[in-house]
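Please look through the structure shown here before reading my points, which take up a pocket and a metal site in turn.

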Amino acid sequence: MRKSQISRKTAETNIMLKLNIDGSGASKVSTGAPFLDHMLTLFAKHGCFDLTVACSGDIQVDCHHTAEDVGICLGDAFAQALGDMAGITRYGSAIIPMDEALVLTAVDISGRGHLAFDLPLPAAKVGEFDTELVEEFWRAFVRRANITLHIRELAGTNTHHIIEGAFKSAARSMRQAVSIDPAVKGAIPSTKGMLV
Ligand SMILES: [Mn+2]
(Lines give C-alpha, C1' and ligand atoms only; values in the text may rest on other atoms or scores of the structure.)
Protein backbone atom coordinates (compact mmCIF):
# COMPACT_ATOMS: atom_id res chain seq x y z
CA MET A 1 0.00 0.00 0.00
CA ARG A 2 1.32 3.42 -0.90
CA LYS A 3 0.79 5.12 2.44
CA SER A 4 2.92 7.19 4.77
CA GLN A 5 2.77 9.00 8.04
CA ILE A 6 4.99 11.95 8.95
CA SER A 7 5.52 13.56 12.33
CA ARG A 8 7.63 16.68 12.53
CA LYS A 9 8.09 18.96 15.52
CA THR A 10 10.18 22.10 15.61
CA ALA A 11 10.15 25.24 17.74
CA GLU A 12 7.82 26.74 15.11
CA THR A 13 5.40 23.99 14.15
CA ASN A 14 4.18 20.58 15.28
CA ILE A 15 2.75 18.55 12.41
CA MET A 16 1.21 15.11 11.97
CA LEU A 17 0.40 14.19 8.39
CA LYS A 18 -1.00 10.96 6.94
CA LEU A 19 -1.22 10.24 3.23
CA ASN A 20 -2.68 7.44 1.16
CA ILE A 21 -1.78 7.98 -2.49
CA ASP A 22 -4.30 5.36 -3.58
CA GLY A 23 -7.15 6.93 -1.71
CA SER A 24 -10.53 8.37 -2.60
CA GLY A 25 -10.09 12.08 -1.85
CA ALA A 26 -11.10 11.94 1.80
CA SER A 27 -9.39 14.49 4.00
CA LYS A 28 -9.26 15.93 7.46
CA VAL A 29 -7.16 19.07 7.45
CA SER A 30 -6.52 21.47 10.29
CA THR A 31 -3.46 23.68 9.93
CA GLY A 32 -4.63 26.76 11.80
CA ALA A 33 -4.65 28.62 8.46
CA PRO A 34 -8.18 28.31 7.05
CA PHE A 35 -7.23 29.22 3.49
CA LEU A 36 -4.46 26.59 3.50
CA ASP A 37 -6.99 24.06 4.85
CA HIS A 38 -9.27 24.93 1.92
CA MET A 39 -6.42 24.38 -0.57
CA LEU A 40 -5.23 21.09 0.97
CA THR A 41 -8.78 19.77 1.14
CA LEU A 42 -9.33 20.34 -2.56
CA PHE A 43 -5.82 19.05 -3.36
CA ALA A 44 -6.79 15.76 -1.68
CA LYS A 45 -10.18 15.67 -3.38
CA HIS A 46 -8.93 16.29 -6.91
CA GLY A 47 -5.86 14.11 -6.46
CA CYS A 48 -7.94 11.26 -5.01
CA PHE A 49 -5.51 11.20 -2.11
CA ASP A 50 -6.58 10.47 1.45
CA LEU A 51 -4.97 13.14 3.57
CA THR A 52 -4.92 13.97 7.26
CA VAL A 53 -3.06 17.07 8.40
CA ALA A 54 -2.93 18.34 11.96
CA CYS A 55 -0.66 21.31 12.51
CA SER A 56 -0.24 23.61 15.44
CA GLY A 57 2.10 26.38 14.40
CA ASP A 58 3.16 29.86 15.40
CA ILE A 59 0.39 31.54 13.42
CA GLN A 60 0.44 34.40 15.91
CA VAL A 61 3.59 35.42 13.99
CA ASP A 62 2.10 34.75 10.54
CA CYS A 63 1.37 31.67 8.43
CA HIS A 64 4.88 31.43 6.98
CA HIS A 65 6.27 28.59 9.11
CA THR A 66 3.00 26.69 8.91
CA ALA A 67 2.78 26.90 5.10
CA GLU A 68 6.42 25.98 4.59
CA ASP A 69 6.46 23.14 7.12
CA VAL A 70 3.21 21.60 5.89
CA GLY A 71 4.80 21.67 2.41
CA ILE A 72 7.85 19.87 3.82
CA CYS A 73 5.71 17.20 5.45
CA LEU A 74 3.52 16.70 2.38
CA GLY A 75 6.67 16.35 0.26
CA ASP A 76 8.17 13.86 2.71
CA ALA A 77 4.90 11.93 2.70
CA PHE A 78 4.87 11.56 -1.09
CA ALA A 79 8.54 10.56 -1.19
CA GLN A 80 8.04 7.96 1.51
CA ALA A 81 4.80 6.57 0.05
CA LEU A 82 6.25 6.35 -3.47
CA GLY A 83 9.32 4.42 -2.31
CA ASP A 84 11.43 3.35 -5.30
CA MET A 85 8.74 4.70 -7.70
CA ALA A 86 8.47 1.39 -9.54
CA GLY A 87 5.64 1.22 -12.05
CA ILE A 88 4.56 4.83 -11.89
CA THR A 89 3.49 6.95 -14.87
CA ARG A 90 6.11 9.53 -13.74
CA TYR A 91 4.77 12.50 -15.75
CA GLY A 92 1.51 14.39 -15.26
CA SER A 93 0.04 17.62 -16.49
CA ALA A 94 -3.23 19.50 -16.29
CA ILE A 95 -4.74 22.79 -17.38
CA ILE A 96 -7.51 23.63 -14.95
CA PRO A 97 -9.95 26.54 -15.13
CA MET A 98 -11.47 28.21 -12.10
CA ASP A 99 -13.91 30.69 -13.56
CA GLU A 100 -11.73 33.35 -15.26
CA ALA A 101 -8.49 31.80 -13.95
CA LEU A 102 -6.62 29.15 -15.93
CA VAL A 103 -3.59 27.38 -14.50
CA LEU A 104 -1.22 24.89 -16.09
CA THR A 105 0.86 22.50 -14.02
CA ALA A 106 3.29 19.82 -15.14
CA VAL A 107 4.97 17.26 -12.90
CA ASP A 108 7.95 14.98 -13.33
CA ILE A 109 8.60 12.54 -10.49
CA SER A 110 12.23 13.07 -11.36
CA GLY A 111 14.18 12.55 -8.15
CA ARG A 112 15.24 16.19 -8.43
CA GLY A 113 13.46 18.93 -6.54
CA HIS A 114 12.73 21.85 -8.85
CA LEU A 115 9.95 24.44 -8.84
CA ALA A 116 9.23 26.70 -11.81
CA PHE A 117 6.67 29.14 -10.48
CA ASP A 118 5.01 31.73 -12.70
CA LEU A 119 1.78 32.58 -10.94
CA PRO A 120 1.19 36.32 -10.69
CA LEU A 121 -1.15 36.98 -7.77
CA PRO A 122 -2.85 40.41 -7.84
CA ALA A 123 -3.72 40.49 -4.12
CA ALA A 124 -1.17 40.21 -1.31
CA LYS A 125 -3.68 38.53 0.99
CA VAL A 126 -6.60 36.13 0.74
CA GLY A 127 -8.37 36.29 4.06
CA GLU A 128 -5.55 36.31 6.62
CA PHE A 129 -3.27 34.31 4.32
CA ASP A 130 -0.27 36.00 2.68
CA THR A 131 -0.43 34.91 -0.94
CA GLU A 132 3.39 34.92 -1.29
CA LEU A 133 3.27 31.78 0.85
CA VAL A 134 1.83 29.80 -2.05
CA GLU A 135 5.27 29.77 -3.66
CA GLU A 136 6.92 28.92 -0.31
CA PHE A 137 4.56 25.97 0.15
CA TRP A 138 5.22 24.50 -3.28
CA ARG A 139 8.98 25.07 -3.10
CA ALA A 140 9.15 23.21 0.21
CA PHE A 141 6.98 20.45 -1.27
CA VAL A 142 9.08 19.84 -4.40
CA ARG A 143 12.37 19.85 -2.49
CA ARG A 144 11.21 17.14 -0.13
CA ALA A 145 9.19 15.13 -2.64
CA ASN A 146 12.14 15.34 -5.08
CA ILE A 147 9.91 16.24 -7.99
CA THR A 148 9.93 18.81 -10.76
CA LEU A 149 6.83 20.99 -10.76
CA HIS A 150 5.94 23.77 -13.16
CA ILE A 151 3.06 26.06 -12.21
CA ARG A 152 2.06 28.60 -14.82
CA GLU A 153 -0.86 30.98 -14.83
CA LEU A 154 -2.44 31.24 -18.27
CA ALA A 155 -5.22 33.64 -17.23
CA GLY A 156 -6.77 35.06 -14.10
CA THR A 157 -7.71 38.18 -12.18
CA ASN A 158 -9.14 36.90 -8.89
CA THR A 159 -6.40 35.78 -6.52
CA HIS A 160 -8.52 33.17 -4.73
CA HIS A 161 -9.47 31.65 -8.10
CA ILE A 162 -5.88 31.63 -9.36
CA ILE A 163 -4.49 29.91 -6.25
CA GLU A 164 -7.36 27.44 -6.17
CA GLY A 165 -6.79 26.67 -9.85
CA ALA A 166 -3.11 26.04 -9.09
CA PHE A 167 -3.84 23.59 -6.27
CA LYS A 168 -6.49 21.76 -8.29
CA SER A 169 -4.21 21.60 -11.30
CA ALA A 170 -1.29 20.34 -9.19
CA ALA A 171 -3.58 17.71 -7.69
CA ARG A 172 -4.59 16.43 -11.11
CA SER A 173 -0.99 16.42 -12.34
CA MET A 174 0.23 14.58 -9.25
CA ARG A 175 -2.62 12.08 -9.50
CA GLN A 176 -1.60 11.27 -13.06
CA ALA A 177 2.15 11.18 -12.34
CA VAL A 178 1.90 8.84 -9.35
CA SER A 179 -0.64 6.54 -10.99
CA ILE A 180 0.48 3.02 -11.77
CA ASP A 181 0.97 2.57 -15.51
CA PRO A 182 0.26 -1.09 -16.44
CA ALA A 183 2.47 -0.75 -19.53
CA VAL A 184 5.49 -0.02 -17.31
CA LYS A 185 5.01 -3.45 -15.71
CA GLY A 186 6.45 -2.45 -12.35
CA ALA A 187 9.69 -1.11 -13.79
CA ILE A 188 11.26 2.18 -12.87
CA PRO A 189 10.31 4.59 -15.71
CA SER A 190 13.77 5.89 -16.49
CA THR A 191 16.43 4.82 -18.98
CA LYS A 192 18.87 5.35 -16.11
CA GLY A 193 17.13 2.58 -14.22
CA MET A 194 16.55 4.79 -11.20
CA LEU A 195 14.86 8.05 -10.33
CA VAL A 196 17.35 9.95 -8.23
MN1 LIG B 1 -12.50 28.54 -2.99
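1. Which elements each supply at least two residues of the lining of the largest pocket? They are α1 (34-47) and β9 (129-130), where helices (H or I, at least four residues) and strands (E, at least two) are DSSP runs, numbered from the N terminus. The largest share, 3 residues, comes from α1.

2. Please keep in mind that this is a predicted model, in which local features need pLDDT of at least 70 and side-chain atom pairs count only at pLDDT 80 or more, while totals for chains, interfaces and linings use all residues. Residues are numbered from 1 along each chain as its sequence is written, and side-chain values use heavy atoms, with hydrogens and water left out.

3. The largest pocket has a volume of about 150 Å³. Of the 14 residues that line this pocket, Ala 33, Pro 34, Cys 63, Glu 128 and Phe 129 are the closest to its centre. The lining divides into 9 nonpolar, 2 polar and 3 charged residues.

4. The manganese ion has as its protein donors (N, O and S atoms within 2.8 Å of the metal) His 38 through NE2, His 160 through NE2 and Glu 164 through OE, at 2.0 to 2.2 Å from the ion. Along the chain these donors follow the spacing H-x121-H-x3-E. Distant parts of the chain are linked in this way, since His 38 lies in helix α1 and His 160 in helix α4 (residues 159-178), 122 residues apart.

5. Are these two histidines buried or exposed? His 38 counts as partly exposed because its relative accessibility is 33%, and His 160 counts as partly exposed at 28%, given that buried means under 20% relative accessible area, exposed over 50%, and partly exposed in between (1.4 Å probe, protein chains only).

How values were computed:
1 Å grid on protein atoms, 1.4 Å probe; cavity = no way out; pocket = protein on both sides within 12 Å on 5 of 7 lines; lining within 4 Å. Points joined across faces, edges and corners; volume = space filled by probe spheres on them. Nonpolar A, V, L, I, M, F, W, Y, C, P; charged D, E, K, R; others polar. Donors = N, O, S within 2.8 Å, 3.2 Å for Na, K, Ca; no water.
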